[in-house]
Amino acid sequence: MTITAAETPVPAAAGRTPVHPAVRRRMLKKRFTLVGLLIPGGAWLALFFVAPILTLVILSLSTGNVGLGWHLTYTWTNFSQSITSYKPEFLHSFEFGTAATVVALLVSYPAAYWIAFYGGQKKTTYLLIVLLPFYVSQLIRTISWQFILADQGIFFGPLKALHLMPQNFHILATPWAVIGGLTYAQIPYMLLPIFAALERIDRSFIEASKDLYATKWETVRRVVLPLSTPGIFAGVLLVFISATGDYVNEVILGGTGTGVIGNIINSQFFVNMNYPFAAALSLVLMVALLIIVIVYSKSLGTEDLMGGGTY
Amino acid sequence: MTDKSESNPLENMDPAIIRGMTMPRMTRRGFLGLAGAGMLGAIAAACGSSSSSSSGTATGGSFSWATAKKAGVLDFANWPLYIDQNTVNGKTVYPTLQQFTKETGIKVNYQEVIQGNSSFFGKIEPELKAGKSTGYDLMVITDGPVLTQLMMYGWLTQLDHSYLPNFAKYAGPNVKNPSYDPGNKYTLAWQSGFTGIGYNPELTGGDITSLASLFDPKFAGKVGMLAAVDTPNLVMIYQGVDPNTSGPSDWKKAAALMQDQKSKGIVRKYYQQDYINALENGDIAISIAYSGDIYQANQSSKGANLKFVVPSEGVFRWTDNMCIPAHSLHPVDAITYMNYVYNPRVAATMAEYIDYMTPVPSSKNYVIQDANASSGSNKAGLLAMADSPLVYPTAADFAHAYYGPSLDPTAYQTWNSIFQPIFQS
């Protein structure tokens, strides 16, 4: 059965509701409204995301110099050179980023759990305490670590004076300092999404699991943890991406042999003024991150995410 | 030390430390604070974009000094804390600039927008390339790749020395006709300084005199090197090469030595400006250093006891230069000011504030005059300054002071390809 003429109102007979012209007009209008509403966002994306990325791509395939300008010559060597010349720095970035993400997760989850379930009336106070240091510029916080961890500083100085620590022991200028700095800087970005997810968990689920004779640990593992997956997912994404691209921590806390790719990109842009090479490096980093993020979200499963939202 | 009447920084000081008086150089470098440079720069640029577009004659294209006219305005881009300043009623004022305005009627729009040669170049480069005014009539750029590029691409205005009688009369021989700008075609020196060795005598267990100490396994893990052009240049000086005339084969030899030093674990880190904190904190015992950094560290509340030394092999020297960007809107005002700062009286006032290597040797007489007119610690400070070889170096001090090479963009790429892998990995 088909509707032959759109102008002919057909009574609601089988399954589908036929559309009256007036209704159709209203629907069209609605659709235009929808498109209209999408325009600002779309334009924003085009202007501030698509256009810069395209510029970056074009630049990465260009040759020339600052004085004479850059010309698109479809030179791909920047990309091959990115990987051949700076493989160790790419690897460092991903190693440090991964390590910082894991440590931040291990530290943040219990803290968020405690605040969400045992924080009581003072939850907001505890959250404020977590966030308080982050009202200070990241640069100053990182430089403070440099001061705290100094070889003869307030921490190691006395220990060394008491011969509780070898004289040449140091944390600064090692990968551990960089990972520590990254973790510290990223903790709120891990803690807050996890806290939000835990906070949303319906407490009756936990009661139900107790009623079903689950131990405390089983409740955490089989009820709370799965329900907080969206928070973990978001936190890990936020932390991993920014920790991998970060270079300030490395500059301040690192030493020889801790170079990260963010640093190389910075100096290619601002010291060498080799914009095409810097653009190529940025794109390689971006694509690598994108692949990791896609694999990560596929493997963690979007259904789990949706599932998390059905309580 | 903005106010000498409050502190007496120069009293009872080791002559070696007094030599370390290139303070503003370091201050402004320290001011950058690493990555904050970018942010500060952005803020400064945002605040400082008020280029006054009053009548005058823009340079570039068919510009000629013969038809150029004074506009009464000067847009001056400089580094932070790099000129004499005073605080009057909570407002920062610049005495020599005020005097200049009084004498010439030219209003100076003074902006401390330069935090790094490359980053500043990155900001003005699009305008210069497009043949537009950068919004500045005068800027201070260190000799090096950026200055070389500015000259090469024709992005500076050639100077007409008939406007510069003071320079001809009073400029010291060491800032006239420099290797990077023969005949001072484009630039006049603003101030200069030395890069040598800074160390903590307690940790080194004695005085350091030679660049060889930077490579001494005794200090393994306690040596700081700078991730800057200064480092390869000093290494070449150590190897007996004049960096000014060096080429890629010399660079490779220097790089090989640096690589060796690094793989033996002697280098703790290639520092940015933070090497000074590392020295203060005892993370490193010895480092390549800007003399002024050491001077200021010793003056700070922490009261570090560091020393600066001009190594026996020689020292790396650099000069910050005044230059007029192409398409400047007020070139006559700029060149009038360039002449003004070579007046020995003005140069003395500036030197007294910034304790820097001044390009006008005869300003020394005015410093001594000012010293005699004051008393106590002020007097001692000014007299010590007049005696300091880093403010008033003698010909002998310059005998072993070397400039870096003038790197064009291609050579600079080569330079970077040789040294950056060492700094960065």
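## A walk through chains A and B

Start with chain A on its own: a compact globule of 311 residues would have a radius of gyration near 19 Å, but chain A comes out at 27 Å. Bear in mind as you click around that this is a predicted model.

Stay with chain A and turn it along its principal axes. Its C-alpha atoms fill a box of roughly 95 × 70 × 30 Å. Switch to cartoon view and you'll find 13 helices and two strands. Colour by burial next: 30% of the 311 residues of chain A count as buried. If you draw contacts in chain A with a separation of 6 or more, 70% of them join residues 24 or more positions apart.

Now hop over to chain B and select B:Leu138 and B:Ile286. These two have the most contacts inside the largest nonpolar core, a set of 120 residues. Add helix α14 of chain B, residues 344–354, to the selection; this helix gives the core its largest share, seven residues. Then colour chain B by domain: domain 1 (20–193 + 318–370) and domain 2 (197–317 + 402–424) each put at least three residues into this core.

Zoom in on B:Leu138. Which residues does B:Leu138 touch, leaving out those up to four places away in sequence? Show B:Leu74, B:Phe76 and B:Ala77, then B:Met322, B:Ile324, B:Ala334 and B:Tyr337, and you have its contacts.

For the last stop, go back to chain A and pick A:Leu59, A:Phe96, A:Leu149 and A:Phe277. They are among the 48 residues of a second core, separate from the one you just left. In soluble globular proteins, nonpolar side chains tend to be buried together.

Notes
Residues numbered from 1 in each chain as written. Chains lettered and ligands numbered in written order. Predicted model: local features only at pLDDT ≥ 70, side-chain atom pairs only at ≥ 80, totals over all residues. Core = buried A, V, L, I, M, F, W, Y, C linked by C-beta atoms within 7 Å. Buried ≥ 20, exposed ≤ 12 C-beta atoms within 10 Å, placed from the backbone. Helix = DSSP H or I, 4+ residues; strand = E, 2+ residues; numbered from the N terminus. Domains from an automatic or database assignment. Contact = placed C-beta atoms within 7 Å. Rg over C-alpha atoms; globule rule 2.2 N^0.38 Å.
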